[in-house]
Amino acid sequence: MKKSLHGQVELGLGPLHTAFDSKDGVLYTSLYVDSQVVRWDYKKLKVLDRINVHYNIGHLDSMEGKSTKPKGDWLLALDKLSIDRFNPVGPLHPQNHQLIDISGPKMELTYDLPIPLGEPHDVVSIAADKLTPKVTFDIGTDSRTEKPSPYATLAGQERVERDGNNVTVYATMVRSHINPERITVNKGDHVKIHLSSLERAQDETHGFAVDSMNVHASLEPGKTVTVEFDATEEGVFPYYCTEFCSALHLEMMGYLMVKDPNKQYAAVDAKGTKLTPEQLQAQYKKIVDTNKATDAVIQTVVKYLKEKGYEKYPAVNSMVTDALDQYGKIPEVKSKADAAASKGDLDQAVLWENQVWQYMVKTADVGLRAKARLARELATPMSEAAGRGEKAYLRGGCNGCHVIGQVSSGPDLTGSLKRKGEQWVYEFTMDPESKFNEPYTKGMIHYFNLRMPNQHMTSEETKDIVEYMKWIDNNADLF
């Protein structure tokens, strides 16, 4: 037996795998035939504990076990041939990763994770707090080379260029808009579209498809991709985002028109149902009022962000930059709406006001997420119990009715502990029905027309949720 340079122990015992953890000075091995993880005192060669797994272990991994400072609380068994552990979905069954708690005197299996891969063959684990990726790629990063793309296009630089039968389009994508929205080419043209995602929000991937041309692409935030095809068929073909990206996802589209240069196209006068002057005036007033209300929300968010010094936090700052980019497009569009309204052309005024609303919704969407991100940056650190409580709160679906900082389909949790006390909240979470006849609860049920469901939380989960609610109250001014 010898200790390797990687902090593992190598044993000449045939088909078994090992993981050594110097934190508690013991050795963990997989017993291949009996499908067990075995804990050893490697100095005395004495078995301390064993636990069954399902079934044959391909490899073992202790948390950061391949480093010089392994963590001693968790072990991962990478199992194969887990034939009757999960429902069969075909001739090849899922493999199984099993998470084992090794922090106490007895090992405990805590989680099964089916994996649709072949034989699991080793993993490397690192602490989550060591993961510090960039929020987005730099604008104009080539999707293939990860280097700056020569075809990167910024807002306002969108254009269509023609060189003989070659058409090059420089386009941008940002929630919820593809620019240009109209591209016209001739039948027989070779079309190349350079697409740049201007997103600065985290994890907002866009897709792009001209499905009839079998053209598909995916754009991560900040990246530039290129698609090309031959326009061999005459017609009008929609292009659109294929990744759900926001409430206005369905508006993220445009049209590719392929014309036959040898044909003459007759103009079509499309006539639709017209609104009466009174109806048109009411529609105009409604969209103007909606925009004023939306702008009021935006201004409260802007005030919050400025007061809290958002620019000190790079991730938040990039989101605010994205929001302000959208908001900065409003004055030009608003001036067109006002000009149309002053001329009495309410049809055009409504169209322009709707465009204003789209920019406002995009601004508000990113701004509210920036506010939430900033609140977490400014909040006091969570205790371990509060962190577990937040996870239990989310896992139990509590956020489906309770929104921190505002009333939703259920009451705001901020201040709940002060209103009713920790013990009452604990008892109500464990058994809501026991409180239904109390006047306070009756009033809540009547107001929201909902009863608190029993989420069957454990006692420990409920105690942790109470700790999470304490953290909310301590940071109430941020939500």
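Here's a quick briefing on the cores, one helix and one strand residue in this structure. It's a predicted model, where local features need pLDDT of at least 70, side-chain atom pairs count only at pLDDT 80 or more, and totals for chains, interfaces and linings use all residues. Residues are numbered from 1 along each chain as its sequence is written, and side-chain values use heavy atoms, leaving out hydrogens and water.

**The cores**
- The largest nonpolar core (buried Ala, Val, Leu, Ile, Met, Phe, Trp, Tyr and Cys residues joined through side-chain atoms within 4.5 Å) has 33 residues, and Leu305 and Val316 touch the most other members.
- Helices (DSSP H or I runs of at least four residues, numbered from the N terminus) that each supply at least two residues include H1 (277–307), H2 (314–327) and H4 (346–378).
- H9 is the top contributor, giving six residues.
- Leaving out residues up to four places away in sequence, Leu305 is in contact (heavy atoms within 4.5 Å) with Val316, Val320 and Leu374, among others.
- There's also a second, separate core of 27 residues, including Met173 and Met252.

**Helix H1**
- H1 runs to 31 residues and reaches 45 Å from first C-alpha to last, close to the 45 Å expected at 1.5 Å a residue (that is, 1.5 Å times one less than the number of residues).
- Its buried residues (under 20% relative accessible area, 1.4 Å probe, protein chains only) include Leu280, Tyr284, Asn291 and Leu305.
- Those buried residues pack against H2, H3 (330–342) and H4.
- Gly309, with a positive phi near 70°, follows H1.

**Thr141**
- Thr141 is buried, with a relative accessible area of 8%.
- Beyond four places in sequence, Thr141 touches Glu146, Lys147, Gly222, Lys223 and Thr224.

Technical notes: Buried < 20%, exposed > 50% of the residue type's maximum accessible area, 1.4 Å probe, protein only.
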